[in-house]
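Student: Got a minute to go through this one with me? I'd like to start with the odd backbone spots and then get to the strands.

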Amino acid sequence: MKAGVLNSVHIWLVLAHGLFFFAGNILFAGARSSSNFSVSYDVNASAGARSASLNYLLVDVVGEIDGVSIAASPSIAAKHGFIGQLNETVGIQVTSTPATVDEGDETLVNAAAELDDGTTFRLLGTDVNWSVVSGPVTGLNALGVARAGTVYADANAVVRGAWMGFTDVFSLVVRNSASDNFGSYAGDGLEDGWQVQHFGVGHPQAGPLSDIDLDGLNNLMEYAFGLHPREDSSSQLPQAQRLGGDFIISFLTPVGVQGITHGIEWSTSLLPGSWNDVLNTGTAPQNQFVVPIGSNDKVFFRFRVTIP
Ligand SMILES: [Ca+2]
Ligand SMILES: [Ca+2]
Ligand SMILES: [Ca+2]
């Protein structure tokens, strides 16, 4: 029993010793500073105190440096000495993964909450209210999965996410990955961008067999030879040149024209069944056709353009 009493006294003395040094630290606290930080004083006061510099604000509370510090730029807040970091949401960020999507494909639109300590956390897609602001997105479901529509050229689409009163928009790129799949111009052999360029969207005379300018060349021929489908271009077809005993017709496939096969046929009478194919001896994009004149006193040519 006696030993037990002595032990109890010893423990009490250690505690008192510790308390003494705690009080001593408070007595000798004072101002501290750095290039972007200053604390005017530390104080053992239940009301705490506040100090600040150009880009720092510190609110002290009892016994240690606790409180809130705020940097003006970037705007970040930190709360010292609390059991856990306390955060406030200051906005949301909407992005898309991937940010470029082929027409007809899907991409996942994400949203993250921005916190005042400079961190973010991912939001569940189902927690966000999604909507399409503009552009070729034909579907955007509750999870944030966006489906790109068909386009005639690369195009931007803007989607919006809203959560807890915050909104953000994101612009994703829909890539024109197929050249003949757009609306009423799909599958007709003409590049959709060319049709929209000359006729706008959905024009009834933009098809390959129409000849809106009545120059004798339908739109397929106009396209194949890089001509303007709404201006008389009948004199702009490649011309035959005589070289020795041959006629030679040589021309380049226009830049951007694809899916087209150019051909030449010749006849001496223009009669049905009298037309003969000529071999294309050029190397793409060059086309070259050579027709021996022989003993013929006249030879006619005609162009033939085919699409798959
Ligand atoms: Ca397309
Ligand atoms: Ca087309
Ligand atoms: Ca025409």
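Student: Is Leu270 buried or exposed?

Tutor: Exposed: Leu270 has 10 C-beta neighbours inside 10 Å, and the cut-off for exposed is 12 or fewer. Keep in mind that this is a predicted model.

Student: And where does Leu270 sit?

Tutor: In the loop between strand S18 (261-267) and S19. Leu270 isn't a glycine, yet its phi is positive, about 70°.

Student: What about Leu214, what's its phi?

Tutor: Near 55°, so another positive value in a residue other than glycine. Leu214 is in the loop between helix H2 (192-199) and helix H3 (219-224).

Student: Buried or exposed, that Leu214?

Tutor: Leu214 counts as exposed because 8 other C-beta atoms lie within 10 Å, and 12 or fewer puts a residue in that class.

Student: OK, how much of the protein is buried overall?

Tutor: 15% of its 308 residues count as buried. A residue needs 20 or more other C-beta atoms within 10 Å for that.

Student: Switching to prolines. Which peptide bond ahead of Pro98 is cis?

Tutor: The one from Thr97 to Pro98, with omega near -5°. Pro98 lies in the loop between strand S7 (89-97) and S8. There's also a cis bond joining Ala284 and Pro285, where omega is about 5°.

Student: Where's Pro285, then?

Tutor: Pro285 is in the loop between strand S19 (276-278) and strand S20 (286-292).

Student: Now the big picture: how many helices and strands are there in the protein?

Tutor: 3 helices and 21 strands.

Student: And what share of the contacts comes from residues 24 or more positions apart?

Tutor: 43%, taken over the contacts with a separation of 6 or more.

Student: Let's do a sheet. What's the strand order in the open one with 4 strands?

Tutor: S8-S15-S14-S11, and the pairing is mixed. Strand S8 (100-102) and S11 stand at the edges with a single partner strand each, so one side of each has no neighbour in the sheet. The twist averages 35° from one strand to the next.

Student: Remind me, what holds strands of a sheet together as pairs?

Tutor: Backbone hydrogen bonds, with the strands either parallel or antiparallel.

Student: How many bridges join S11 to S14?

Tutor: 5, between strand S11 (residues 129-134) and strand S14 (residues 155-163), and those two run antiparallel. To get the register, look at Trp130, whose bridge partner in S14 is Gly161. Ser131 has Arg160 as its bridge partner in S14.

Student: What does Arg160 face in S15?

Tutor: Arg160 stands opposite Val169 there. S14 and strand S15 (residues 166-175) are joined by 9 bridges and run antiparallel.

Student: And how many residues lie between the strands in the hairpin of S14 and S15?

Tutor: 2 residues, and Met164 in that hairpin takes a positive phi near 50°.

Student: Last bit: which way do S16 and S17 pair, parallel or antiparallel?

Tutor: Antiparallel, over 4 bridges between strand S16 (residues 240-243) and strand S17 (residues 246-252). For the register there, Ala240 stands opposite Ile249 in S17.

Student: Which residue in the turn between S16 and S17 has a positive phi?

Tutor: Gly244, at about 65°. S16 and S17 form a hairpin with 2 residues between them.

Technical notes
Residues numbered from 1 in each chain as written. Chains lettered and ligands numbered in written order. Predicted model: local features only at pLDDT ≥ 70, side-chain atom pairs only at ≥ 80, totals over all residues. Pairing = 2+ DSSP bridges. Axes fitted to C-alpha atoms, helices over the stretch in contact; angles between N-to-C directions. Contact = placed C-beta atoms within 7 Å.
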